[in-house]
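Please find below my note on the model, set out as numbered points. The structure is shown first.

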Amino acid sequence: MLNNSLITFLPNHSVKKITKEADLLKVSGLTLTEPFFCFSEHVINTTLEGKLILDLSYGIEKPQVLLHRLKYRVIVRIDKDLINRPSATMVIGKYGDVVIRKDDTAYLSWYLAECTD
């Protein structure tokens with residue numbers, strides 16, 4: 001789990017809006033049972049769904065050119081003798097990675113080749 005006194009981890013919170021109030025950013029949204037808000041000097045939008053909507057709530061316009069790729073992944077069971085092998089990420093050309101996990105599995109991911117019409 002996260003162990004850094006400078007970072008606040010808020011599980012089960014759904015951020016809906018980011019606004020500026022004075023010199024701070026106000027992050028507001030919903031928990032499982034009620035609305036919430038908090039203030040911060042810095043916010044990083046790492047959402048997968050709704051990223052552009054959240055950016056727009058703060059006034060960041062959608063880029064005119066947007067790259068959107070579909071990423072595939074599988075989790076596979078591996079032999080125990082592979083557990084201590086290194087993980088790898090390839091970023092030149094087609095992207096993919098292999099992450100060896102300590103529970104006898106590996107996470108394999110890749111993007112489809114870019115298509116042209």
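The points below go through the fold, the strand pairing, the aromatic residues, the salt bridges and some backbone details.

1. Status and overall make-up. This is a predicted model. The chain contains one helix and seven strands. Read from the N terminus, the elements follow the order β-β-β-α-β-β-β-β. The chain has 117 residues, and 17% of them are buried.

2. Pairing of β4 with β7. Strand β4 covers residues 71-77, and β7 covers residues 105-111. The two run antiparallel and are joined by seven bridges. Within this pairing, Tyr72 stands opposite Trp110 of β7.

3. Pairing of β6 with β7. Strand β6 (residues 96-101) also pairs with β7, again in the antiparallel sense, over six bridges. Val99 is placed opposite Tyr107 of β7. The hairpin of β6 and β7 has three residues between the strands, and Asp104 has a positive phi there, near 65°.

4. The stacked ring pair. There are two aromatic pairs in the structure. In one of them, the rings of Phe37 and Phe39 have centres 5.7 Å apart and planes at 80°, so this pair is edge-to-face. In the other, Tyr72 and Trp110 have ring centres 5.9 Å apart and planes at 15°, so they count as stacked. That pair links distant parts of the chain, with Tyr72 in strand β4 and Trp110 in strand β7, 38 residues apart. Tyr72 is partly exposed because its relative accessibility is 35%. Trp110, with a relative accessible area of 36%, is partly exposed as well.

5. A nonpolar surface patch. Which residues form the nonpolar patch on the surface? They are Leu70, Tyr72, Val74 and Trp110, and together they have about 350 Å² of accessible area. Val74 belongs to strand β4 and is partly exposed, at 33% relative accessibility. The patch thus takes in Tyr72 and Trp110, the residues of the stacked pair.

6. Surroundings of Phe37. Is Phe37 buried or exposed? Its relative accessibility is 51%, so Phe37 counts as exposed; the cut-off for that class is over 50%. Phe39, its edge-to-face partner, is partly exposed at 39%. The charged end of Lys26 sits over the ring of Phe37, at 4.6 Å from the ring centre.

7. Lys26 and Glu21. The whole structure has three salt bridges. One of them joins the side chains of Lys26 and Glu21, at 3.7 Å from N to O. Lys26 therefore takes part in a salt bridge with Glu21, and its charged end also sits over the ring of Phe37. Both side chains have an intermediate accessibility class: Lys26 is partly exposed with a relative accessible area of 21%, and Glu21 is partly exposed at 36%.

8. Lys80 and Asp104. The side chains of Lys80 and Asp104 form a salt bridge with an N to O distance of 2.7 Å. Lys80 lies in the loop between β4 and β5 (88-90) and Asp104 in the loop between β6 and β7, so the pair ties together parts that are 24 residues apart in sequence. Lys80 is exposed, at 62% relative accessibility, whereas Asp104 is buried, at 15%. Asp104 is also the residue with the positive phi noted under the hairpin.

9. Arg101 and Asp103. A further salt bridge joins the side chains of Arg101 and Asp103, at 3.9 Å from N to O. The cut-off for a salt bridge is within 4 Å. Asp103 is partly exposed, with a relative accessible area of 43%, and Arg101 is partly exposed at 29%.

10. Asn12. Asn12 has a positive phi, near 60°, although the residue is not a glycine. Asn12 is located in the segment before β1 (14-21). With a relative accessible area of 53%, Asn12 is exposed. Asp104, the residue with phi near 65°, is by contrast buried at 15% relative accessibility.

11. Val98 and Pro86. Val98 lies in strand β6 and is partly exposed, with a relative accessible area of 29%. How many residues along the chain separate Val98 and Pro86? They are 12 residues apart, and their C-alpha atoms are separated by 8.8 Å.

Note on methods. Residues are numbered from 1 along each chain as its sequence is written. This is a predicted model: local features need pLDDT of at least 70, side-chain atom pairs count only at pLDDT 80 or more; totals for chains, interfaces and linings use all residues. Side-chain values use heavy atoms; hydrogens and water are left out. Patches are made of residues with over 30% relative accessible area and no salt bridge: like charges are joined within 9 Å, nonpolar side chains (Val, Leu, Ile, Met, Phe, Trp, Tyr) within 5 Å. Accessible areas come from the Shrake-Rupley method with a 1.4 Å probe; for residues, only the protein chains shown count as cover. Helices (H or I, at least four residues) and strands (E, at least two) are DSSP runs, numbered from the N terminus. Buried means under 20% relative accessible area, exposed over 50%, partly exposed in between (1.4 Å probe, protein chains only). Two strands pair if DSSP finds at least two bridges between them. Rings of Phe, Tyr and Trp (its six-membered ring) pair if their centres lie within 6.5 Å; planes under 30 degrees apart count as stacked, over 60 as edge-to-face and the rest as tilted. A charge sits over a ring if NZ of Lys or CZ of Arg is within 6 Å of the ring centre and within 35 degrees of the ring normal.
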